[in-house]
Amino acid sequence: MVEVHKSKMSLNGIQQPPYNRNKSIGRQFLEVAQIIGDVCLLFLYLLYSLGDAIYRYVVPPTPKSVKGEIVLITGAGHGMGKELAFLYASKGATVVGWDVNKKNNEETISEINQRGYPHAYAYYCDVSKRDSVFEVAKKVQQEVGDVTILINNAGIMPTHPILDQTQEEIERTFSINVLAHCWTMQAFLPAMKKNNRGHIVALSSCAGLFGLENLVPYCGSKFAVRGMMEALHEELRLEKLDRIELTTVCPYMVDTGLCKRPRVRFDRFMRLLTPEYAAKAIMKAQQTNMKLVTVPNYMLSLTNYVRLFPLKGAIYVKDFINAGLESDL
Ligand SMILES: NC(=O)c1ccc[n+]([C@@H]2O[C@H](COP(=O)([O-])OP(=O)(O)OC[C@H]3O[C@@H](n4cnc5c(N)ncnc54)[C@H](O)[C@@H]3O)[C@@H](O)[C@H]2O)c1
């Protein structure tokens with residue numbers, strides 16, 4: 001019978017799991033040797049990942065072609081979604097635009113057609129509604145084909161203090177900015193998994209990297225998008241579906257009208273981005289299989305470095321930069 005020693009050690013009153021003391025010396029030696037071997041291997045992998053990142057920085061990957069891909073863009077009727085629709089169509093992709101704003105969406109698609117790209121289609125879809133997503137996804141599959149690039153772009157941003165946010169605003173923020181990503185993943189991932197091929201792009205935000213006043217639900221929703229994409233990456237990696245790529249994009253403020261009252265201290269260096277610039281950066285990130293990017297690029301490094309400081313330090317930097325959004329009320 002195996003003798004199990006009940007540890008008396010406890011951390012903050014929490015009992016540690018029992019330790020099996022009945023292991024032979026040989027077995028204990030093997031276990032230690034295995035751990036040492038794994039640690040050495042881990043260091044090698046870490047060095048390799050650093051080398052790989054440096055190499056990719058010096059020699060950026062060639063953007064992959066999107067010709068012939070079927071790209072579905074949610075929120076294609078306005079802002080970055082609209083610009084993305086133009087860009088992908090101009091590079092030979094078939095574009096499927098989804099939006100709740102039927103008029104704007106149809107305008108985007110007919111403008112694409114007028115520019116000489118016939119393969120563009122508009123569908124009305126409220127991405128916050130699971131049934132609607134599944135119904136329209138089925139239609140797209142029958143009428144256009146399997147979506148190979150999904151761009152989860154639609155989003156809203158009620159901007160005021162948490163106590164002034166209505167229940168309806170908070171629920172809509174999470175339904176459109178977060179839950180919609182789950183519904184579209186569930187609708188389009190099966191075909192991607194079947195073919196072990198595809199790409200999902202998700203619009204998070206710099207507000208998904210650090211918290212900002214007036215944006216409590218919005219920041220929560222954009223942090224959630226980043227977390228969901230990271231978790232999905234793990235699922236696909238462990239299932240060895242290595243040809244389904246994921247890209248999470250965190251833009252700084254973009255001049256689409258979504259940011260109603262932007263506050264920028266250093267407007268020479270940190271002015272609002274144009275939707276065209278942001279869309280180009282998003283497309284490049286997708287074409288080069290980037291996992292997580294900010295637009296502009298340097299924001300990610302800046303955030304990572306600032307996070308090395310104690311929280312107080314990060315707050316000093318934030319106050320110094322003093323960029324954000326005033327309440328829209
Ligand atoms: N503009 C910015 O400063 C900024 C910065 C970082 C991240 N983002 C994110 O980028 C994305 C696009 O932002 P934008 O500024 O281009 O937005 P936008 O307001 O210009 O366009 C959003 C589009 O989404 C559509 N939409 C809204 N709810 C929908 C729903 N339920 N179903 C389908 N479509 C719906 C709208 O009709 C609109 O056409 C959003 O997710 C936003 O949170 C924006």
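Me: What is the strand order in the open sheet of seven strands, and what makes two strands a pair?

Reply: The order runs β7-β6-β5-β8-β9-β10-β12, and the pairing is parallel. Two strands pair if DSSP finds at least two bridges between them. The labels come from DSSP too: helices are H or I runs of at least four residues, strands are E runs of at least two, and both are numbered from the N terminus. One thing before we go on: this is a predicted model, where local features need pLDDT of at least 70 and side-chain atom pairs need 80 or more, while totals for chains, interfaces and linings use all residues. Residues count from 1 along each chain as its sequence is written, and side-chain values use heavy atoms, without hydrogens or water.

Me: Why do β7 and β12 stand at the edges?

Reply: Each has a single partner strand, so β7 (120–124) and β12 (292–295) both have one side without a neighbour in the sheet. Ignoring direction, neighbouring strands here are turned by 15° against each other on average.

Me: How do you know that β6 pairs with β7, and with β5?

Reply: Count the bridges. Strand β6 (residues 94–99) shares five with β7, in the parallel sense, and β5 and β6 are also joined by five, again parallel. Both counts satisfy the rule of at least two bridges, so both are pairs. As for who faces whom, Gly97 is opposite Ala122 in β7, while Leu72 is opposite Val96 in β6. Strands of a sheet are held together by backbone hydrogen bonds.

Me: What makes β5 mostly covered?

Reply: In strand β5 (residues 70–74), five of the five residues are buried, meaning under 20% relative accessible area (over 50% is exposed, anything in between partly exposed; 1.4 Å probe, protein chains only). Ile70, Leu72 and Thr74 point one way and Val71 and Ile73 the other, all of them buried. In a regular strand, side chains alternate between the two faces of the sheet.

Me: Why does Thr248 count as buried?

Reply: Its relative accessibility is 4%, so it falls under the 20% limit. Thr248 lies in strand β10 (residues 244–251).

Me: And why is Asp328 called partly exposed?

Reply: Its relative accessible area is 25%, which lies between the 20% and 50% limits, so the label fits. You'll find Asp328 in the segment after β13 (324–325).

Me: Why is α2 called oblique to α7?

Reply: Helix α2 (residues 79–90) and helix α7 (residues 275–287) have axes that come within 8 Å and cross at roughly 60°. That makes the pair oblique, because under 35 degrees would be roughly parallel, over 145 roughly antiparallel, and 65 to 115 roughly perpendicular, with the rest oblique. Axes are lines fitted to C-alpha atoms, for helices over the stretch in contact, with angles from 0 to 180 degrees between N-to-C directions.

Me: So what makes α2 roughly parallel to α3?

Reply: The axes of α2 and helix α3 (residues 102–114) come within 10 Å and cross at roughly 25°. That is under the 35 degrees limit, so roughly parallel it is. Lys82, Ala85, Phe86 and Ala89 in α2 meet Thr108, Glu111 and Ile112 in α3, where contact means heavy atoms within 4.5 Å.
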